[in-house]
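Please consider the structure shown below. The briefing treats one pocket and one helix packing.

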Amino acid sequence: MKVIVITGSSDGIGAAMARQLAAGGGVALVLAARNRAALETVAGACSALGAQTLVVPTDVGVQQQCCDLVAQAVARFGRIDALINNAGRSAHALFADVDDLAWYEELMRVNFWGSVWCTHAALPHLLASGGSIVAVSSLAGLVGVPGRTAYGATKFAMTGFFEALRVELKEAGVSVTTAYPGVVATMIRHHGFNAAGGQAGVSSLKEEGAMPVEECARLIVDGMDRRRREVVMTAKGKIGRFLKLLAPGLVDMLALAAVKDDAKPH
């Protein structure tokens with residue numbers, strides 16, 4: 001039985017991954033997020049599919065809670081075979097419109113430090129099991145998108161950290177997979193920060209053709225199972241990585257085109 005810890009598993013991509021892993025059989029899922037009621041709902045669905053579950057309400061922006069999450073997982077199941085760092089928050093604001101940068105720091109603490117703290121706490125157990133680490137980044141962690149200075153910074157930081165960690169852990173037999181979703185049909189952008197540090201309430205990105213959340217989850221789970229280095233999910237994302245080297249100005253234009261007109265630089 002594989003023991004898999006998933007942060008940010010109360011809804012969206014995290015919840016979809018939990019359901020898919022449960023359906024695959026032979027797993028114990030440790031579900032972490034801030035909303036206990038939502039976690040219990042996901043846990044119920046996973047239990048009905050045959051998985052063992054443990055719900056651990058967790059704010060990954062608090063280091064001690066990341067440590068407690070891992071401790072509870074090991075106390076209950078005795079091991080950890082995979083850690084999926086999925087918890088995160090979105091944000092969209094033009095830098096010139098931001099007066100107080102305090103929420104930039106908060107976003108970095110959740111998106112970047114939350115994944116680092118959870119990984120650090122779980123690492124001894126993953127080394128013991130020869131397990132897997134997954135970091136759910138974003139295409140905004142590969143290409144700069146206007147209005148995403150805060151969000152992109154957190155995801156670029158994740159990219160750098162987990163790329164280096166992958167090399168460090170290669171000989172130890174622990175795989176590190178970084179996933180780069182594009183626009184996925186979830187509410188994460190609506191719940192993200194706006195320029196004032198409040199909840200955006202709307203998405204500033206063009207949502208047409210957004211990837212279904214179940215498809216995104218499937219690609220990440222498959223990448224983890226295959227112990228792949230990276231999962232870049234869209235054709236635009238794959239092409240954009242190469243164009244960034246060959247025609248960076250064109251990539252800037254494509255990034256600007258992804259933003260709604262009323263959210264573009266003015």
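The second largest pocket encloses about 220 Å³ of space. Here a pocket is an open set of points on a 1 Å grid over the protein atoms alone, where a 1.4 Å probe fits, with protein on both sides within 12 Å along at least five of seven lines. This is a predicted model, in which local features need pLDDT of at least 70 and side-chain atom pairs count only at pLDDT 80 or more, while totals for chains, interfaces and linings use all residues. Residues are numbered from 1 along each chain as its sequence is written, and side-chain values use heavy atoms, without hydrogens and water.

**Pocket lining**
- The lining comprises 16 residues (an atom within 4 Å of a point), of which K2, I4, A82, M224 and D225 are the closest to the centre.
- At least two lining residues each come from β1 (2-7), α1 (12-24) and α6 (213-225); helices (H or I, at least four residues) and strands (E, at least two) are DSSP runs.
- The largest share, three residues, is supplied by α6.
- By class, the lining has six nonpolar, six polar and four charged residues.

**Packing of α1 and α6**
- The axes of α1 and α6, lines fitted to C-alpha atoms over the stretch in contact, lie 8 Å apart at an angle of about 60°.
- That angle makes α1 oblique to α6.
- The contact (heavy atoms within 4.5 Å) involves G12, I13, A16, M17, R19, Q20 and L21 of α1, and V213, E214, C216, A217, R218, I220, V221 and M224 of α6.
- The residues of this contact divide into 10 nonpolar, two polar and three charged.

Notes: Grid points are joined across faces, edges and corners, and a volume is the space filled by probe spheres set on the points. Ala, Val, Leu, Ile, Met, Phe, Trp, Tyr, Cys and Pro count as nonpolar, Asp, Glu, Lys and Arg as charged, and the others, Gly among them, as polar. Axes are lines fitted to C-alpha atoms, for helices over the stretch in contact, and angles run from 0 to 180 degrees between N-to-C directions. Angles under 35 degrees count as roughly parallel, over 145 as roughly antiparallel, 65 to 115 as roughly perpendicular and the rest as oblique.
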